[in-house]
Amino acid sequence: MEAGSRVLWRRYLALLFLILLPFCSALSSRSARDAEEAPTTSYAGAQLLRVNASTPEQKDAIRRLEESGDVDLWSGIVSHKKTVDVMVKSDKVQDVKQKLRKIRAEYAIVINNLQDAIQKENPVLSEAEMLLLEGRKGHRMTWHSYHRVSDMHGYMDFLAQTYPRLCSVMTIGSSVEGRPLKVLKISPAGSTGKKAIWIDGGIHAREWISPASVSFALKELVENHDMHFNGKESTLGSLDWYFLPIANPDGYEHSHSQDRLWRKNRHDAHKGSCAGTDLNRNFGYRWGGAGSSRDPCREIYAGRNAFSEPETAAISNFVKSKGQSVKAYITFHSYGQYILYPWGYDRKVPPDYRDLNSVGQKIAQAIRSVGGGSYTVGSSAATLYPASGGSDDWAKGSARIKYTYTIELRDTGRYGFILPAEYIIPSGNEALAALKVVGEAASQEP
Ligand code: 0X9
Ligand code: ZN
């Protein structure tokens, strides 16, 4: 179909739905909500506790609570912090609170009933409203709610069709369940063979703000390209930008349809018991070291071997195929508001850490200037906790990419992973500000 008649056809459809909306919205809104709001795992009565754990003994006790499966550590046990965010399922709440009193660890209840928070987090549009939107804009994506993989991938295809001279879509591999790992390439200066920057999101399934913010940033860069790339002083247009907004599509879908708090991918490597590998422990630099586990039932399971997972292997193969042209690697996670650079496997820093730190500070400053939150800058293991097999360590250590960062987006623990959708745009603006700073630094590399 020609572009002109496609537009007319869309307008016609939009008009039709506008007329039919009052009749069908009651019906279809229910089915859309059912699809979105019925994850099988219920967190009714589950609580998020902020526990005061200042002594090493208290921290050890909380580590043991996690290992025995009594609590899920949402924040990790962060080196310099006196508190730990732990999630407790309803059947363990009383028992865990008693154990905390025994070790004299005070706690505050941050979320009283997780299931309520989950229900309020993501207001979804009805199917009729969605169709109206699609008719008007040509895609189903918004930044007012968290969308499923198909909407996000559809939006990437839409951008490639609408701005063929600026961007293209490629599939760099498939997930365990066969979903495409879709990358959007933005090439403002047209020709290839330039310096490049890699951005990914959604390595951890439940960190919904990551794919949402990454897709917001790519929308801005594409749909407002003149503003971002053609400014007088800007060198951002000289780069090739590669975006993989959903690096773990199976886990992401699972976190929508089955278990909102799913973290890993969906590899059923041990047939039936404890599915999933933590993709951020599966990269092949110092794989299997501190802060990762060989136990498939743990949240930090490193996988059978380095790059045992198709998702991590695809990222590694693709990024390495670009050789030394890649000057920056940024991976978005949540939560905590941190700008982290290597190393993650140990409390050491790479020889050029001063450059990483000063660009990190510039990112934090840029985020503040767009009215964003306050972000802490530092090396990963020293600032958070040691964890081996992360994508950032691989990017720095194996792929030898200069400006490598893990950015932990919002918030600092009020909602944690269950960040309401109204924060997508503020967080997306922070991600965009960060990318522009790193992009400038990357473009100045030899
Ligand atoms: O533990 C992680 O994988 C990251 N935190 S999260 O809460 N999003 O899970 C931090 C990773 C930092 N980088 C390395 N440790 N390499
Ligand atoms: Zn994460």
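1. Surroundings of ligand 1. In this predicted model, 16 residues stand around ligand 1, and the ones that come nearest are Arg263, Arg281, Tyr385, Asp392 and Glu408. Sorted by class, the shell around the ligand is made up of 6 charged, 7 polar and 3 nonpolar residues, and a student may find it useful to look for the five named residues before turning to the individual contacts.

2. Polar contacts of the ligand. An oxygen atom of ligand 1 lies 2.6 Å from an N or O atom in the side chain of tyrosine 385, and an oxygen atom of the ligand is also found 2.7 Å from a polar atom in the side chain of arginine 263. With serine 334 the contact involves the backbone instead of the side chain, since a backbone N or O atom of this residue is placed 3.3 Å from a nitrogen atom of ligand 1. Taken alone, the ligand exposes 420 Å², and the protein buries 98% of that area.

3. The pocket and its elements. The space that ligand 1 takes up is the largest pocket. Two elements, strand E9 (326-334) and helix H13 (391-397), each give two or more residues to the shell around the ligand.

4. The disulfide. The structure holds 1 disulfide, which is formed by cysteine 274 and cysteine 297, with their sulfur atoms 2.1 Å apart. The link is right-handed, with 90° about the S-S bond. Both cysteine 274 and cysteine 297 belong to the loop between helix H9 (249-257) and helix H10 (310-321), and they are 23 residues apart.

5. Two cis peptide bonds. Where serine 334 meets tyrosine 335, the peptide bond is cis, with omega at about 5°, and the reader can find tyrosine 335 in the loop between E9 and strand E10 (338-341). Serine 334 is thus worth a second look, as its backbone also takes part in the contact with a nitrogen atom of ligand 1 described above. A cis peptide bond also runs from proline 342 to tryptophan 343, where omega is near 10°, and tryptophan 343 lies in the loop between E10 and helix H11 (353-369).

6. A positive phi. Arginine 104 is not a glycine, and yet the model gives this residue a positive phi of about 55°. For anyone who wishes to inspect the backbone there, arginine 104 is placed in the loop between helix H3 (93-102) and strand E4 (107-111).

Conventions
Residues numbered from 1 in each chain as written. Chains lettered and ligands numbered in written order. Predicted model: local features only at pLDDT ≥ 70, side-chain atom pairs only at ≥ 80, totals over all residues. Heavy atoms only, no water. Near = heavy atom within 4 Å. Polar contact = N/O pair within 3.5 Å; in protein donor to acceptor, adjacent residues only side chain to side chain. Areas by Shrake-Rupley, 256 points an atom, 1.4 Å probe, with all protein chains shown as cover. 1 Å grid on protein atoms, 1.4 Å probe; cavity = no way out; pocket = protein on both sides within 12 Å on 5 of 7 lines; lining within 4 Å. Sits in = over half its atoms within 2 Å of the grid points. Helix = DSSP H or I, 4+ residues; strand = E, 2+ residues; numbered from the N terminus. Nonpolar A, V, L, I, M, F, W, Y, C, P; charged D, E, K, R; others polar. Disulfide = S-S within 2.5 Å.
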